[in-house]
Amino acid sequence: MIYFDSAASYPVLPEVLNCLTTSFESLYGNSTAIHSKGNEANEAINATRGDIADLIGSYDSEIIFTSGATESNNIAFKSILLGNPEFKEKRHIVTSSIEHKCVLVICAFFKTIGFEITYVKPNNDGIITKDAIDQSIRPDTALVSIMHVNNELGTINPIEEIGALCFSKSVLFHVDAAQSFLKLPIDVDDMNIDLLSISAHKVGGPKGIGAVYIRDLRKRHLEPVIHGAGQEEGLRGGTVAAPLIRAFGVAVQQFPKYYGKLKKNNLKHYFISKLIPTNVEYIINGQSESTLLSICSITLPQIDVSLLIRATESRFCLAQGSACSSQEIEPSHVLTAIGLSNEHANKTLRLSFSHFNSTEEIDLFISDLLEI
Ligand SMILES: *Cc1c(COP(=O)(O)O)cnc(C)c1O
């Protein structure tokens, strides 16, 4: 099976797999227990916490483990905004119309409890500009939430500029960095980020583990999102998943090496260079300077893309739009936001590569494409 869907979930790295086997075997203590097995789990958890904090330039105490970026996004919004007297009068949120579905659904929830939401539109390259955010911030804006890299297009938003703007206006800034973590540099101070969401399975780690960074976590009024026995600073109760967290730590250490290889292979460039001499009509979406090499959103106006996906499903794993919405009939909200017609949106494929992919695999895909 040829897998071109690393943006939905990156294949597990071999070192991570190794670590998972040994961790589930030996790291069975509950990290709150006072015996040696408890300490061992606690140390593993805090080692990964330290590694993540170092990478993003935060304090260890500002990192909370979650089940993934969806939960991180929920905690970022809810722990800060719910039940906080500071935001009693500030009930406006700025986000974009191309956020991950989970952020849009969280915002829809906040609307039901009296918040107003402004959905900033991207420019035609799929980028959320600082100016667009600037025009949307109001005196009662509590939070700006913008993704670092878009999961359907691979476009990179100007997070540092938006962060500086939010800082100058004293508005909290949340960044969904599920697609950018370990692929682009992130420094929460340089970028003025107050809240940041990441996920292990987007960087070759296991599913079911992620983290959220919360600036000045211990000094803030934060509402628990999972009420429990006080784990993770009381924000997210439940026995902490030490084996998954140790494996997340291994992914954090190993992924950059593999990503370097992926960048060197530059399969996106190879794919496009192989398409040019064919007479297949195509449009690359979100084609700006500012795009990740691992994601390629391509519209094929003359091809029945649903048919292509079905006809090749025994050989290729491909995404139409994004994975989370590919079961739906609705065209992708991201593609329509950058101006694609419903018809073109439904004729769009997202190829996302991992370091396991090769030029031979691209050749095979192109020959299938030519047969349709
Ligand atoms: C994958 C993804 C998520 C969801 O992450 P999970 O860990 O699967 O919950 C959120 N935001 C973006 C941008 C993503 O790519």
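**The ligand site and the domain interface**

By class, the shell around the ligand holds three nonpolar, seven polar and two charged residues. This picture comes from a predicted model. The residues that surround the ligand are Gly-68, Ala-69, Thr-70, His-100, Met-147, Asn-151, Asp-176, Ala-178, Gln-179, Ser-199, His-201 and Lys-202. With Gly counted as polar, the nonpolar group is made up of Ala-69, Met-147 and Ala-178, while Asp-176 and Lys-202 are the charged pair.

Several of these side chains come within polar-contact range of the ligand. Thr-70 places a polar side-chain atom 2.6 Å from an oxygen atom of the ligand, and Gln-179 does likewise at 2.7 Å, again with an oxygen atom of the ligand as the partner. With Asp-176, the ligand atom involved is a nitrogen, which sits 2.6 Å from an N or O atom of the Asp-176 side chain. As for overall cover, the ligand on its own has 380 Å² of accessible area, and the protein covers 89% of that.

Moving out to the whole protein, the domain assignment splits it in two: domain 1 takes in 2-9 + 261-371, and domain 2 spans 14-255. Domain 1 is thus built from two stretches of sequence. Between the C-alpha centres of domain 1 and domain 2 the distance is 28 Å. Their contact draws on 24 residues from domain 1 and 27 residues from domain 2.

How much area do domain 1 and domain 2 bury between them? The figure is about 2,100 Å², and carbon and sulfur atoms account for 56% of it. On the domain 1 side, Leu-292, His-333 and Ile-338 stand out: these three supply 26% of the area that domain 1 buries against domain 2, more than any other three residues.

As for polar links across this interface, nine residue pairs are in polar contact, counting pairs with both residues at pLDDT 80 or more. Salt bridges are another story, with a count of zero between domain 1 and domain 2.

Note on methods
Residues numbered from 1 in each chain as written. Predicted model: local features only at pLDDT ≥ 70, side-chain atom pairs only at ≥ 80, totals over all residues. Heavy atoms only, no water. Near = heavy atom within 4 Å. Polar contact = N/O pair within 3.5 Å; in protein donor to acceptor, adjacent residues only side chain to side chain. Areas by Shrake-Rupley, 256 points an atom, 1.4 Å probe, with all protein chains shown as cover. Domains from an automatic or database assignment. Contact = heavy atoms within 4.5 Å. Buried area = accessible area lost by both parts, 1.4 Å probe. Salt bridge = Lys/Arg side-chain N within 4 Å of Asp/Glu carboxyl O.
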